[in-house]
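This report looks at a protein and DNA assembly, first at the contacts with one DNA strand and then at charged pairs between chains. Please keep the sequence and the structure at hand while reading.

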2 protein chains.
Amino acid sequence: MKHSIKTYQFFFGALANPNRLQIINILRQGKKNVSEICQVTGFEQTMVSHNLKVLEYHGMVFREKNGKFRYYAVNKKTIKPLLEFIDTHMEEYCCRILEEKHERKK
Amino acid sequence: MKHSIKTYQFFFGALANPNRLQIINILRQGKKNVSEICQVTGFEQTMVSHNLKVLEYHGMVFREKNGKFRYYAVNKKTIKPLLEFIDTHMEEYCCRILEEKHERKK
DNA sequence: ATAACATATGATAATTATATCATTCTTATG
DNA sequence: CATAAGAATGATATAATTATCATATGTTAT
């Protein structure tokens, strides 16, 4: 591991939250400002801002200023392949959970 | 997103824990049983077992029975490229500043 | 059979993360 | 300047996760 355990912990922690994942998912369609994200999700503004800060801190989204608006864009270079990779993993290993349950019954 | 938000949340949540990350890191060198993991890490046996269960549940480690021992092996096909990918991301978007901040928190 | 070791499980106290509230900062416009 | 709208920040009660304790299960050897 190139970096400290804590660095990886916080990186994954940033993605281990349903609201942040939903924000990411919405931003995948294109950049949006905070109010727009609130409208689409129904989330409170402060909650969105707090969570966007976490995502930006980890380089998962980028911020762009436009007047009084702050537009956020997802880091496609990272997020897109990351989610695709995990999809592949899940397809291959999610079935193991069932197998394991059968094994224990013996 | 192919899967539900919760599925991704729990996947990343499994990796958002320093003890589980340390266990993964040790298993990268080769398969080990629970006692061996405890010895190397200094962790309690019950804590290791609990965390291994989480990792196994998500297909991040595999279990192999050998007498009274249970050997755990990391899912290299997933974990290795995943960590490498994140290293690349960190080099480009975060790294140094974060590492330093984590150091200070100790 | 039972002792001794290896591992797993369940409950819960303690830690950590999170949403919410109150407030402040920023920018645009009358 | 004053006001309003968009966004960020800080404090904190709540919710979620985690380590620990007590105990159970499984395995080997005596």
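The text below describes the surroundings of DNA strand D and then turns to salt bridges in this predicted model.

**Surroundings of DNA strand D**

DNA strand D is surrounded by 25 residues, and the closest of these are Ser35(A), His50(A) and Tyr72(A) together with Asn19(B) and Lys65(B). Divided by class, the surface near the strand has 12 polar, nine charged and four nonpolar residues. On the side of the nucleic acid, 69% of the atoms of DNA strand D within 4 Å of the protein belong to sugar or phosphate, while the rest belong to bases.

Chain B provides contacts to both the backbone and a base of the strand. A polar side-chain atom of Lys65(B) lies 2.4 Å from a phosphate oxygen of DNA strand D, and a polar side-chain atom of Asn17(B) is placed 3.3 Å from a phosphate oxygen of that strand. For Thr46(B), by contrast, the partner is a base nitrogen of DNA strand D, which is 3.5 Å from an N or O atom in the side chain of this residue. The elements that give two or more residues to the surface near the strand are α3 (34–41), α4 (45–57) and β3 (69–74) in chain A, along with α2 (18–27) and α4 (45–57) in chain B. The largest share, five residues, comes from α4(A).

**Salt bridges between chains**

Over all chains, a search of the whole structure finds 10 salt bridges, among them the pairs listed here.

| Residue in chain A | Residue in chain B | N to O distance |
|---|---|---|
| Lys2(A) | Glu91(B) | 3.3 Å |
| Lys77(A) | Glu92(B) | 2.4 Å |
| Glu91(A) | Lys2(B) | 3.4 Å |

Lys2(A) and Glu91(B) form a salt bridge, and because Lys2(A) lies in the segment before α1 (5–15) of chain A and Glu91(B) in helix α5 (residues 76–93) of chain B, this pair joins two chains. Lys2(A) is exposed, with a relative accessible area of 60%, whereas Glu91(B) is partly exposed at 44%.

The salt bridge of Lys77(A) with Glu92(B) also crosses between chains, running from helix α5 (residues 76–93) of chain A to helix α5 of chain B. Here Lys77(A) is exposed, with a relative accessible area of 53%, and Glu92(B) is partly exposed, with 43%.

In the salt bridge between Glu91(A) and Lys2(B), Glu91(A) lies in helix α5 of chain A and Lys2(B) in the segment before α1 (5–15) of chain B, so this pair joins two chains. Glu91(A) counts as partly exposed at 48% relative accessibility, while Lys2(B), at 60%, counts as exposed.

Key
Residues numbered from 1 in each chain as written. Chains lettered and ligands numbered in written order. Predicted model: local features only at pLDDT ≥ 70, side-chain atom pairs only at ≥ 80, totals over all residues. Heavy atoms only, no water. Near = heavy atom within 4 Å. Polar contact = N/O pair within 3.5 Å; in protein donor to acceptor, adjacent residues only side chain to side chain. Helix = DSSP H or I, 4+ residues; strand = E, 2+ residues; numbered from the N terminus. Nonpolar A, V, L, I, M, F, W, Y, C, P; charged D, E, K, R; others polar. Salt bridge = Lys/Arg side-chain N within 4 Å of Asp/Glu carboxyl O. Buried < 20%, exposed > 50% of the residue type's maximum accessible area, 1.4 Å probe, protein only.
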